[in-house]
Amino acid sequence: MALLTELEDKISSLIDGVDKENFIYDFMREMGIPKSTVTKLKKGTKTANMATVPGDIWSNKNVYYRQTSKNVLAEFTDVKSIVDSKQGNTPRIIMVTDFNQLLALDTKTSDTLDIAFNDLPLHFDFFLPWQGIEKVDYEAENPADIKAAERFAKIYDVLFQDNTEIVTVKEGRKTAAKHVFSENTVNETAFNNFLIRALFALFAEDTDIFPRGSFTNVLKTMTSEDGSNMNSVLSELFTVLDQPENMRGDLANWLNQFPYVNGSLFTEPHEDIVFSAKSRKLIIDAGELIDWTQVNPDIFGSMVQAVTGEDDRSHLGMHYTSVPNIMKVIKPLFLDELNTEFKAAYDDSKALDALGVRISKMKFFDPAAGSGNFLIITYKELRRLEIKITKRLSELQGSLYFMYMPLVTLKQFYGIEIEQFAADVAQLSLWIAEHQMNLELKSTITNAVRPTLPLQKAGGILAGNSLRIEWDKVLTHSADEEVFVFGNPPYLGSSLQDKAHKSDLESAVNGQLAYKKLDYIAGWFYKGAQFITGTKSKLAFVTTNSITQGEQVELLWPTLLHLTDISFGYTSFTWNNNAKGNAAVIVEIIGLSDKANNEAKRLYFDNGTSQVVDNISPYLTDGPNVVVKKSSRPLNGLPEMLRGNMPTDGGNLIFSPEERDEAISKFPELNQYIRPFVGAADYINGKNRYVLWLDEDQYDNVKENSIVKQRLAGVKEMRLDSKKASTNALANVPWRFEFISQPKIDNGYTILVPRVSSINRLYVPFGYIDSQDIVSDTATAIYNAHLWTFALIESRMHMVWLRSVGGKLKNDYRYSSNLVYNTFPIPDLSSQRKNELESVALEILDVREELGGDLAKLYRTDTMPEQLKLLHQKLDSIVERAYKKTPFTDDEQRLKTMMNLYLNIKAGE
């Protein structure tokens, strides 16, 4: 589908100088009806046009259209009776117009449209069902937000093209890399200041901060069409907006109609930027075609994203966060408690007053503020609670005796944002949110009035690097003050961080954590824990689930849990947002509070349920503060798991099935030396490879063989060309692998363990292979393994352990022998249970062979055969009875049981 604003503009062009004869064809084409359908209608093909009335058009289930010079309502009634009299093929839209008035009916929803024909561009969304977009879906996205964001992006794009030489204030930003700077450059701050001011003015003229339409009218009447005098007009206007009315002197009427704004929004003089006829028109269109009263200020985050470079955004993590997701953070952090307190105090004016005083003293701080979404939604929710308190006090005390006193002010809101432009947008958005809530207050309680102008400064939205700024200097707070720290800091794994990120983390943790391996977001958690320790303050951040998995837990959480407790947590869920590209990641929400806080702790789950628990572990489970640490040996009595064999051969020792068959056909004596070579991908995807496997004595037996000589010569050459001295040394023994774990005495079977496995599997498909097979270093191996060991690690219990403590590589499971296998807690197993495990394991292996195909498909969640799935469930039941006599209710209970067992094992070491 085209951008909404593009559709709006195209339909505006149709209306201007409308071609009445071809209007319906042009309109249908622009609204997404297939070109072939429209062409057939225009040619008058009988099968395309079902209408029997001359001049009418009936396009199957799309539209019944009539153009008329008579009474539109009467003609519309006639058309509807024609449609009602026919059975089947009901057109979705009935449409009649005389090009002055337009009537339409959506036959599916019964919605009607009665508008002036020239207003069709403002109501084109009525016809979006032709594009498969239903009204309920369209309105759920708030069309005004979408249109505003799209138009703002267009304005920026054109201005950016016109102002080809923009001096950036951030070193390294590539805003004008292809341009050669001259003396006539535009400062980036000036450029961004104009965008901020224009946004405010567009909103102000629709919401009675300015006289209705005044800003757009000034641009239309006072500026030339080519935009050449835009700077002089804007400079005059912006100067006046920063002057109190009593200090202005004599002004022209077009200037005198504007009020004093303050808030430092217009304090800096307007600096010239390049305007064109196109950019002037786009700004005017944004005023005339958008109803800014319907635009949510939190959508400005998306607008900022359209402006901020994609490279910056990718590693700053700033994006528009949807309201429902923000509510998941602030409700358990403070809002649920305040609403509960309001309900309890509903009939008690003293208690309501006390609640109001409490709210008025709270402070709110987002140290990764972006364009202010969390602060904006928090402000609006608190203002709504203030309105409810005010309304109820008025009822209890009598409206004649009640005096309204503001409780929530912008001075309670603080933030840090690395981009100056985003920080400015956050301040702007808070002003607009304040005005919206002032209007909401007035509509609810008529005698309670809060003026929007002059604008008030927020507590402080500071532009800077949050990991290098002392938060106490941004928001000084005492131990007894309630400060709520929240937000969505940037996520960046340790391997993706550059030197600047590493330096930021080093500065943030001040030597208290091994920062080089930490996720970037860990810096915010550490500084946040320091900020709230010993106080009544609380914290909640959105985070990727990586910090509650794998080695991140050992690196981060012992220090955090020394300072704080986890007060609440949302287990993993998909975090969607309305930013460009609609980024979606798997995240968690973690709340922290001081250890002296004895409030109930609560876990929230993706299915919408929650439960109060005694303690929340760093793996976001109900249980003790266990941190699973790497172990170089199995703590569970299982046989050792070893890394697979690494050839470092440049592929010269590897044979395809065809190459192997050809070699053995020519030299049958090589059969015993060319053995199956199995890696993780080979095994899971059903691919076969082979490898020349020799020890020193075997090498002496075959070193004169022509194939062996050729292959080993290639290995030697590759190793000599290497830049590593250790690899060069191996050139003298080209038949030998660089790393060998394969035992010299083969006895039994080998369990093959993929080091990485897809998240789209209920179980990792471990292999149980012949001991003659050589395991490559893309997998790990348990040699001479019992079948019951295979059964244990193929169970759901082991999968839960892997998911929780193993960590991820991108979105795939990362299997670590030291962290997952060696620490996997298992209870004592009787001989009978081991026999049961081996029996069902054999069934699983047999079914795998019977079903055929690759394991990648057999084990995908959406394609796993029922027969295989039932056998795994049978195995799960046998394994789980060893841990617990009664069935587990969920994976959280499974993990809690294993964590307690792990503690016991560690205590008994």
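In this predicted model, the largest nonpolar core holds 218 residues, and the members that touch the most others are Phe194, Phe200, Phe334, Phe365, Phe486, Trp557 and Trp801. For Phe334, the contacts beyond four places in sequence are Phe364, Thr378, Leu382, Phe484 and Phe486. Apart from this core there is a second one of 32 residues, with Met28, Val63, Leu113 and Phe127 among them.

The chain as a whole contains 33 helices and 27 strands. Of its 909 residues, 55% are buried. Taking contacts between residues at least 6 apart in sequence, 70% link residues at least 24 apart. Carbon and sulfur atoms account for 48% of the exposed surface. The chain carries 99 positive and 120 negative charges, and the mean positions of these two sets lie 3 Å apart.

Overall values for the chain are set out below.

| Property | Value |
|---|---|
| Box filled by the C-alpha atoms, along the principal axes | roughly 105 × 80 × 65 Å |
| Exposed area of the chain | about 40,500 Å² |
| Separation of the mean positions of positive and negative charges | 3 Å |

One residue can be followed in detail. Lys40 is part of helix H3, which spans residues 35–43. Its relative accessible area is 45%, so Lys40 counts as partly exposed, between the cut-offs of 20% and 50%. Not counting residues up to four places away in sequence, Lys40 touches Thr45 and Ala48. Arg689 is 649 residues from Lys40 in sequence, and the C-alpha atoms of the two are 58 Å apart in space.

Conventions:
Residues are numbered from 1 along each chain as its sequence is written. This is a predicted model: local features need pLDDT of at least 70, side-chain atom pairs count only at pLDDT 80 or more; totals for chains, interfaces and linings use all residues. Side-chain values use heavy atoms; hydrogens and water are left out. A nonpolar core is a set of buried Ala, Val, Leu, Ile, Met, Phe, Trp, Tyr and Cys residues joined through side-chain atoms within 4.5 Å. Buried means under 20% relative accessible area, exposed over 50%, partly exposed in between (1.4 Å probe, protein chains only). Contact means heavy atoms within 4.5 Å. Helices (H or I, at least four residues) and strands (E, at least two) are DSSP runs, numbered from the N terminus. Accessible areas come from the Shrake-Rupley method with a 1.4 Å probe; for residues, only the protein chains shown count as cover. Lys and Arg count as positive and Asp and Glu as negative; His and the chain ends are not counted. The place of a charge is taken as NZ of Lys, CZ of Arg, CG of Asp or CD of Glu.
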